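Visitor: I have a fold on my screen and a few things I'd like to ask about it. Could you walk me through it?

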Amino acid sequence: MCIIINMKESERKAGFMEDKIVYSTDNKVKLYSSEEDIMKKLEGVIGPKFVEYRRKWELTNKFELETEFPLYLQLELHQICNLKCPMCAIGDPEANSKYIDDTHMDWETYKKIILEAEKYGCPSLNPQGTNEPLLVPNFEDYIKFASQHGFIDIMMNSNATLLTEERSRKLLDSGVTRISFSLDAHSKETFEKIRIGADFDNVIKNIERFMEIKKEGGYELPVVGVSFCKMKVNEDELDDFINRWSEKVDFIKVQNFIPPELAHDYSQFIPTDSEYVQDILSGFNCQQPWQRVYVHNSGEVCPCCTFFNEELSLGNISENTIHELWNSDKMKSLRNIHKKGNYDENPWCKSCVKGTCGIMDEKEFIEIRNSTMNRQKTLQK
């Protein structure tokens, strides 16, 4: 869904347009800066196939196109990270005990999925999940294999702690089209409070050197961005973060906090001015079951990218194909629920919305949601 965002004064000073078309998935993630320019750049480099893929993507986001096969795959090779960020399922003890294990997706399973996706012309891939991808020594081979078998938009995220010059050069030669480095802070103090186990100065040095190597080598791709998960602990640094990076990278990704599991209260993480919370309380239609599937290291195939998505598992890749699960009655029902905005018909989708809003009490949730919806109706008159 493309939305118009009115930027803050500090964002305008950083070179942002006042009314900028910004791509957003469920409004969870907003890509500031040059996202529209990035799309044009990728169109120019990749060509007509990319244009057609993005046309279909926009239609699925409007619930106007139900594809035969997902447009986007997220394949989780393992669930290992060298950091312990508190908002992540790896760093949160409760979520870790429920959803994290040491299983690795083997090469044959990965290959099987990629070859099935090639058969149906799937254009987009992220070969990682809840993990640090550079912990896989030959991660670039996974990207290359996908690139050789029809994927035209391959993206990844990294914490950049392991981004040596050697890995930088391998990534630049791998065929990856988009890479985002997770930072979540402007200051060293806040960064090391959130990204536990990382050294701020080393990470910044690695990212800046990656950009230098890319420029020196004349690489058109990947487009490069930095990301910021907005929470109470860091929300005061967002403007400075945008100012720092706006002239250094192609895009800045600002992500809303999503709880790592749903049985406990994470309201202390939710920022004080979360637009996302207001948006979903007034009405929520999740586009993810229309766009993608997420295949866990265990082989479980899920309809969204939340940490707790295994609660909505469609089945296992060892017993079913992606095509079968994508066209299953369970997946079609989920798509229909969200097209109509009836997310509360699914208990896990409802819990996701409640948890993201930091509202644990059912009565309070209903009252706030009804109040917000009535206010929206009044404003529309």
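Guide: Sure, here is a round of questions and answers, working from the whole chain down to single residues.

Visitor: What kind of model is this, and how many helices and strands are in the chain?
Guide: It's a predicted model, so side-chain atom pairs count only at pLDDT 80 or more. As for the elements, the chain has twelve strands, and the helices number 16.

Visitor: What percentage of the residues count as buried?
Guide: Buried here means under 20% relative accessible area. The accessible surface of the chain is about 16300 Å², and 48% of that belongs to carbon and sulfur atoms. Out of 381 residues, the buried share is 56%.

Visitor: Among contacts between residues at least 6 apart in sequence, what percentage join residues at least 24 apart?
Guide: A contact takes heavy atoms within 4.5 Å. Of the contacts you describe, those joining residues at least 24 apart make up 71%.

Visitor: Which residues have the most contacts inside the largest nonpolar core?
Guide: In general, nonpolar side chains in soluble globular proteins tend to be buried together. In this chain the largest such core has 92 residues. Helix H9 gives it the largest share, six residues. The residues with the most contacts inside this core are Leu73 and Tyr110.

Visitor: Which residues does Leu73 contact, leaving aside neighbours within four places in sequence?
Guide: Some of its partners are nonpolar, including Phe151, Val293, Ile322 and Leu125. Ser124 and Asn126 are in contact with Leu73 too. The rest of the list is Ile113, Ala117 and Cys122.

Visitor: How many residues are in the other core?
Guide: That core lies apart from the one of 92 residues. Ile38, Met39, Leu42 and Met155 are among its members. Its count is 13 residues.

Visitor: Why are the buried residues of H5 on the same side?
Guide: H5 spans residues 107-119 and reaches 18 Å from its first C-alpha to its last, close to the 18 Å expected. Its buried residues are Tyr110, Ile113, Ile114, Glu116 and Ala117. They sit on the same side of H5 because the arc they cover around the axis is only 160°.

Visitor: Which exposed residues does the face of H5 turned away from its buried side carry?
Guide: On the buried side, H5 packs against strands S4, S5 and S10 and helices H6 and H13. The face turned away carries the exposed residues Glu108 and Lys119.

Visitor: Which residue has a side-chain oxygen reaching to the backbone nitrogen of Glu108 at the start of H5, and which takes a positive phi just after H5?
Guide: At the start of H5, that oxygen comes within 3.1 Å of the nitrogen, and it belongs to Asp106. Just after H5, the positive phi is about 70°, and the residue is Gly121.

Visitor: What covers the buried residues of H6?
Guide: The residues to cover are Phe139, Glu140, Tyr142, Ile143, Phe145 and Ala146. H6 is followed by Gly150, with a positive phi near 100°. The cover includes strands S5 and S6 along with helices H5 and H7.

Visitor: Is Arg167 buried or exposed, and which backbone oxygen lies 3.2 Å from its side chain?
Guide: Arg167 belongs to helix H7. Its relative accessible area is 11%, so Arg167 is buried. Its contacts include Leu134, Pro137, Phe139, Glu140 and Leu162. The oxygen 3.2 Å from a polar atom of the Arg167 side chain is that of Val136.

Visitor: How far apart in space are Thr103 and His78, C-alpha to C-alpha?
Guide: Thr103 lies in the loop between H4 and H5, and counts as partly exposed at 30% relative accessibility. It touches His78, as well as Leu77, Gln79, Asn297 and Ser298. The two are 25 residues apart in sequence, and their distance in space is 6.1 Å.

Visitor: How far apart in space are Ile196 and Gly91?
Guide: Ile196 lies in the loop between H8 and H9, and touches Leu83, Lys84 and Pro86. In sequence, Ile196 and Gly91 are 105 residues apart. Their C-alpha to C-alpha distance is 8.7 Å.

Visitor: Which residue follows H9, with a positive phi?
Guide: At the start of H9, a side-chain oxygen of Asp199 reaches to within 3.3 Å of the backbone nitrogen of Asp201. H9 then runs for 18 residues, reaching 26 Å from its first C-alpha to its last. After it comes a phi near 70°, taken by Gly218.

Note on methods:
Residues numbered from 1 in each chain as written. Heavy atoms only, no water. Core = buried A, V, L, I, M, F, W, Y, C linked by side-chain atoms within 4.5 Å. Buried < 20%, exposed > 50% of the residue type's maximum accessible area, 1.4 Å probe, protein only. Helix = DSSP H or I, 4+ residues; strand = E, 2+ residues; numbered from the N terminus. Expected span 1.5 Å × (residues − 1). Arc of directions from axis to C-beta. Polar contact = N/O pair within 3.5 Å; in protein donor to acceptor, adjacent residues only side chain to side chain. Areas by Shrake-Rupley, 256 points an atom, 1.4 Å probe, with all protein chains shown as cover.
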